[in-house]
Amino acid sequence: MQRGDPVPPTSGVSAQRTDSTIAAIDESLYSRQLYVMGHEAQRRLAAATVLVIGLTGTGTEIAKDLALAGFHALHIYDPTPLAWRHMAANFYAYDETQLGVPLQTVVLPHLMELNPYCHIQTETAESWAALVEPDRIRRFSAVVLVNELSIEKHIELDRVCRSVRVPLVVVQSRGVFGYVMNDFGDAHTVLDENGEDPRSIHVNHISNEERACVTCLEDQRHDLEEGMYVIFTEVDGMPMLNDPKSMFRVVQVTSPYSFVIDADTRDAGVYRCGGIVTEVKVPRTVHFRPLEALYRIQDPACIPCNASLADLIDESWFVSLDVMNQERAFVSHLLFQALSRLGRLPASGADAEMSALMAWLPPEVQEKHEALVRAFVRTANGELAPMASILGGIAAQEVLKAVTGKFTPIHQIFSFNALEALPTPLPSEAECAPRGCRYDGQIAVLGRPLQETIHELAYFCVGAGAIGAELLKCWACMGLGLADHKGLIAITDMDTIERSNLNRQFLFRATDIGRSKSLAARDAVLRLNPALHVQAHEVRVGPDTEQIFSDDFWEPLDGVCTALDNVDARLYIDQRCIYYLKPMLDSGTLGTKGSTQVVIPYLTESYGSSRDPPEKSIPMCTLKNFPYRIEHTLQWARDLFEGLFKASVEDTQQYLQRGSEYIVELEKQGPGIMVGALENVLENLQTHRPESFADCVTWARVKFEDLYTNNIRQLLHAFPSDMIDSSGQPFWSGTKRAPKPIQFNPDDSLHMDFMMAAANLRAESFGIAGSRDRQQVRALVADVSVPAFEPRAGVKIAASEEEAQASGAAVAPSVDQQRVEQMLARLPPPEQFSSIHLQPLDFEKDSDERWDMDFVTAASNLRAVNYAIPLADKHKSRGIAGRIIPAIATSTALVAGLVCLEIYKLAHIRPVLRTNPRILSASTFSSIATAATTNGAREATVDRAKVLERFRNSYVNLALSLFHLSEPIQAPLQPMSNSGNRTFSLWDRMEVDGGGRDLTLAEFMDYFERAFGLHISMLSCGVAILFSGWLAPKKAAERRATPLTELARTIGKIQLTEKDRYLVFEVMAEDASSGEEVEVPFVRYRFRL
């Protein structure tokens, strides 16, 4: 595209069904997914039909994700009889009485329960040839082929799909190896590469050059990249740039705040001020190779023994995980082809097929990657639930990309392996032999000994929402936490199920709406595997529930998986895991983005060791007077809702209930807060007390005039639209947009939207019946007269955030005691209002039966009209004002699978974690502490580096086909003193065990000196100091003779229960020999067995 090219249309990939029978999008169901896909892409899904061939665990995962996504129809095909080996990865193949039944028949009824809008049926075909007939394939919008051993069939199907222009996704998952491969044809159109909202930045300057340099305001990073396209609006001085039909390419990024465009502005006039530059999403065409070009070993002319790796692999075919896995990806791609040429799956745990498979590989692979080939041969006969979840989630997202043109597709191979999850050494053939049980597919990969360990594990799943449901699904297939092995799955979630949850929290059904998530998840997972031992809690994990989640709860656990949606809750769990020395597996998603982090005692940093910077808040003066983005007007509207329908009503309620007592309380809070509260009370009880719905309409009309007319006129009275500031620049420039008052018009639907919502919410908060009759409200509005505007004197409006902070608020009217007294004198006695029924309203973002979102959307958009800001529809407003986290089933399945792979790895080191995790530590303090608790006995050692390199943190973005896996960061070490080389980490603690007896302070201090060579100078518990060197001798002697629990109760005000066994102390200490001050970790003192 050339400079000044017209802005492209937004239309993209055409859907197969274009008839008018496509139903409107059910926003209550697809709410969170719509924030990922958008309405246009969702409509394309609703018009598409997909064929899934192959229903092993990976195929069923794909079908599940596609059904939840909202396709019009899903056809499934797999006549393979259900066998024991299928059950370890296929969460819907759990009924042993169905052994021998075709897989498509087994999974169909479960898939049909997922989404009433997706029509699911089995595809009938007598043979492979009949299945891949062009006339059959052309009926579909996309085809997925799963776990088909024969590469020849891949190529045959691909040729048919290409001939009828149907995208094909091929997936294989065998053991710990797998891949996703795409062929979307010769010309696939990508309409939106990343799914992010177009960037929009305010301009500070534009140069007059052959290629103009654009500089942004100093606090606004543009985040643009070379090759992107932009358009300009509101540029004063260069009218050519404001042409709405032209866009310009970014040819160079010169800094985070400046860039160069392909626009010659030498004769465009001189830039004066203003301007907004906005990114334009330009469609891009992606060309795919046919699969036969990617499967070179299948070429009859290919003789692998005479070829090199470079002859058989082109690096450009692959989406790379990371550098360490790149060559593995190349080799595993060849291994799948060699397996096809072999024509059968090798026996689990056996090397018998090594030589036959090696014959199809180039010599350099045979020599350099023998261990990789051996792992592939020994495990290819099994399928793991986490691998199915990972590859299934990725493949399902690729189908969505193929049908909608949304996001960047995998081009063309994503290869994945989890070699680090395998036991070392690899299990034997006997250990991998089938047992005739539902875990045979997992045993074939990991062996029977590790399977037994998995049965014994005890894990805590914090959160039973989207990720929690996917974790529980995997655990049911894995056999984690079996009752007869004394294992455990504990779940907690305090939320109840809403309709919007059903789109991605697949364990729940419509009949569960209103139920506890935790209880419903427990019931659902027990249906998938009745042998599990599941405990469900319905409370949040926090300081107020530590009597529920006590020592007895935490100590038996093997690990904790967090499936939470807020940082504070994660940080609390993180601290609990540090205290109890438990591994923590954190995961989270944001639309197509996902991340996982593994936290291992003594080995890695914790979740709280590093975190993202806090989200920037909107400056108060921007919200009140100078908004320039729709986010600002929506936050203003949310605050307005809270003020009008909650805080104002609560103030009035408090006055009616408490009278003079409430007034005294207000006086203590200062005149500013007191005046605001009194104004609310007087308005609600005197000036605008509603007795009918008509009164509520009158109130709404007056509010409209105040908010969108009078307040704007007052602002312009203070800062006229042509005002010049002290530096000689226009006051209304940069991000400051000169507003315009709105004249109420009952013919304007936006104005009436506000009236309807405001009047009905006012009525609801006063217990008055509302009305949805617009004509009635319109008639009532016609009778309302509003007073003429007169500028108020003495009102100071802050022109900047600095002024706002200095004055305490963006608008700071003078408040004097005389005004307060006048308002108090006007207050009517509370006894007069015994019949009034007030109801403060809590904002509800998801309910369309209430007026909350109607009010916020209308209030925000009216303010946006004031300031000439582009409006936002109700859906977008809901997402921003409700702080909704975008979510889609594909990314939650992916991150849950990644987490469960780490559980396998943790199971390998379970004996170490349960007996002496300190040997994983690199700190010198750990060795000192170990010696102190073992009386100097020599402890076993482990290779920390080899343990650490097994584990992976991950960051993925399915929209960009970005997959990044990395080793966790080691736990940082902190020096104990300025001299010497003694160190400790966040995991270290000083363990003091009273042996079932409560030690006195003197005994505790003597033990410290003997065991650690440290003299205690100060001891604290919580916020209380129990002992310090500056205590008076008599008091110090008394405390030394007192048991520690007594000191904690009397001085620290610690409330101990019969369940408590530990106290935590903070210590200041000195080296007993040198007197040097020493930094030490916290002390955990056990006073009860």
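Which residue forms a salt bridge with glutamate 40, and how many Å apart are the closest N and O atoms? In this predicted model, the partner of glutamate 40 is arginine 44, and the closest N and O atoms of the two are 3.8 Å apart.

## A salt bridge within one helix

Glutamate 40 and arginine 44 both belong to helix α2, which covers residues 39-46, and they are 4 residues apart, about one turn of the helix. The two partners can also be described by their exposure: glutamate 40 is partly exposed, with a relative accessible area of 42%, whereas arginine 44 is buried, with a relative accessible area of 6%.

This pair is one of 63 salt bridges that a search of the whole structure finds. As a general point, side chains of opposite charge can pair when their charged atoms come close.

## Salt bridges between distant parts of the chain

Glutamate 61 forms a salt bridge with lysine 473, and here the closest N and O atoms are 2.5 Å apart. Because glutamate 61 lies in helix α3 (residues 57-69) and lysine 473 in helix α17 (residues 466-478), the pair ties together parts that are 412 residues apart in sequence. Glutamate 61 has a relative accessibility of 1% and therefore counts as buried, and lysine 473 is likewise buried, with a relative accessible area of 2%.

A further salt bridge is made by the side chains of glutamate 420 and arginine 952, with an N to O distance of 3.2 Å. This pair, too, links distant parts of the chain, 532 residues apart: glutamate 420 is in the loop between β16 (413-417) and α14 (429-432), while arginine 952 is in the loop between α35 (944-948) and β23 (953-957). Both glutamate 420 and arginine 952 are buried. Elsewhere, salt bridges with shared partners join Glu61, Lys64, Asp65, Glu470 and Lys473 into one network.

## Aromatic rings and the charges over them

The structure holds 45 aromatic pairs. Ring pairs connect Trp636, Phe641, Phe645, Trp699, Phe704, Tyr708, Phe744, Phe754, Phe843 and Phe855 into a cluster.

Two members of this cluster also have the charged end of an arginine over their rings. The charged end of arginine 638 sits over the ring of phenylalanine 843, at 4.0 Å from its centre, and that of arginine 863 sits over the ring of tryptophan 636, at 4.4 Å from its centre.

## Strands, a barrel and a covered strand

A closed barrel of 6 strands runs in the order β8-β9-β12-β11-β10-β13, with antiparallel pairing. Neighbouring strands of this sheet are turned against each other by 50° on average, direction ignored. Within the barrel, strand β9 (residues 213-216) and strand β12 (residues 258-261) run antiparallel and are joined by 3 bridges, and valine 214 stands opposite phenylalanine 259 in β12.

Strand β5 (residues 168-174) is mostly covered, with 7 of its 7 residues buried. Both of its faces are covered: Leu168, Val170, Gln172 and Arg174 are buried on one side, and Val169, Val171 and Ser173 are buried on the other. Such a division follows a general pattern, in which the side chains of a regular strand alternate between the two faces of the sheet. Strand β4 (residues 142-146) pairs with β5 in the parallel sense over 4 bridges, and valine 143 stands opposite leucine 168 in β5.

## Positions named in the record

For "active site", an unreviewed UniProt entry lists Cys621. In the model, cysteine 621 lies in helix α21, which covers residues 620-624, and because its relative accessibility is 6%, cysteine 621 counts as buried.

The unreviewed UniProt entry also places the feature "transmembrane region" at residues 1012-1032. Over residues 1012-1032 the chain of the model is 5% helix and 62% strand, and the end C-alpha atoms are 26 Å apart.

## A contact of helix α25

Glutamine 714 has its place in helix α25 (residues 693-718), and at 3% relative accessibility glutamine 714 counts as buried. Although glutamine 714 and proline 791 are 77 residues apart along the chain, their C-alpha atoms are separated by 5.8 Å.

Technical notes. Residues numbered from 1 in each chain as written. Predicted model: local features only at pLDDT ≥ 70, side-chain atom pairs only at ≥ 80, totals over all residues. Heavy atoms only, no water. Phe/Tyr/Trp six-rings, centres within 6.5 Å; stacked < 30°, edge-to-face > 60°. Lys NZ or Arg CZ within 6 Å of the ring centre and 35° of its normal. UniProt positions renumbered as here; feature names shortened; annotations may be inferred. Helix = DSSP H or I, 4+ residues; strand = E, 2+ residues; numbered from the N terminus. Buried < 20%, exposed > 50% of the residue type's maximum accessible area, 1.4 Å probe, protein only. Salt bridge = Lys/Arg side-chain N within 4 Å of Asp/Glu carboxyl O. Pairing = 2+ DSSP bridges. Axes fitted to C-alpha atoms, helices over the stretch in contact; angles between N-to-C directions.
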